[in-house]
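Student: Could we go through this model together, one question at a time, and reason from the coordinates to each answer?

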Amino acid sequence: LSLVSSYFDPAEQCFTMKFESLSGFTLYHLLRQLRWFEESAVAFYAAQIVLLFEYLHESRIIYVRRFS
């Protein structure tokens, strides 16, 4: 896995890293290989999933329907 680029946004205090794509490699395969994740890895992957849904929602690709 090779790092393609990285970027730090001082206004948002956010560091972003871009890696090459690994075709056919999924989080499920990684979990099967390692058997369990450290708490920090779980927090990282959970945050990535939340950021994905936020991006898709802001891009109007998905819609959040709130039930009252």
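The exchange below takes up confidence, a helix, a surface patch and some backbone angles.

Student: Which element has the lowest confidence, and which the highest?
Tutor: This is a predicted model, so confidence should be considered before any detail is read. The mean pLDDT of the protein chain is 82, and 96% of its residues reach 70 or more. Among the elements, the lowest mean, 78, belongs to E2, while the highest, 87, belongs to H2.

Student: What span should helix H2 have, and how far apart are its end C-alpha atoms?
Tutor: Helix H2 covers residues 39–58, which makes 20 residues. The expected span is 1.5 Å times one less than the number of residues. For helix H2 that gives 28 Å, and this agrees with the distance between its end C-alpha atoms, which is 29 Å.

Student: Is His 57 buried, partly exposed or exposed, and with which residues beyond its sequence neighbours is it in contact?
Tutor: His 57 lies in helix H2. Its relative accessible area is 34%, and because partly exposed covers the range between 20% and 50%, His 57 is partly exposed. Once neighbours within four places in sequence are set aside, His 57 is in contact with Ile 62, Tyr 63 and Val 64.

Student: Which strand gives the largest share of the nonpolar patch on the surface?
Tutor: The patch is formed by Leu 3, Phe 8, Phe 15, Met 17 and Phe 19, which together have about 510 Å² of accessible area. Strand E1 (3–9) and strand E2 (14–19) each supply at least two of its residues. The largest share is three residues, and the strand that supplies them is E2.

Student: Where is Phe 19 found, and is it buried, partly exposed or exposed?
Tutor: Phe 19 is found in strand E2, and it is one of the residues that form the nonpolar patch. Its relative accessibility is 38%; since this falls between the cut-offs of 20% and 50%, Phe 19 counts as partly exposed.

Student: What is the phi of Arg 35, and what is the phi of Arg 60?
Tutor: Arg 35 sits in the loop between helix H1 (27–34) and H2, whereas Arg 60 is found in the segment after H2. Because exposed means over 50% relative accessible area, Arg 35 at 71% counts as exposed, and Arg 60 at 77% is exposed as well. Each has a positive phi although it is a residue other than glycine: for Arg 35 the value is near 80°, and for Arg 60 it is near 60°.

Definitions and conventions
Residues numbered from 1 in each chain as written. Predicted model: local features only at pLDDT ≥ 70, side-chain atom pairs only at ≥ 80, totals over all residues. Heavy atoms only, no water. Helix = DSSP H or I, 4+ residues; strand = E, 2+ residues; numbered from the N terminus. Buried < 20%, exposed > 50% of the residue type's maximum accessible area, 1.4 Å probe, protein only. Contact = heavy atoms within 4.5 Å. Patch = residues over 30% accessible without salt bridge, like charges linked within 9 Å, V, L, I, M, F, W, Y side chains within 5 Å. Areas by Shrake-Rupley, 256 points an atom, 1.4 Å probe, with all protein chains shown as cover. Salt bridge = Lys/Arg side-chain N within 4 Å of Asp/Glu carboxyl O. pLDDT = per-residue confidence, 0-100.
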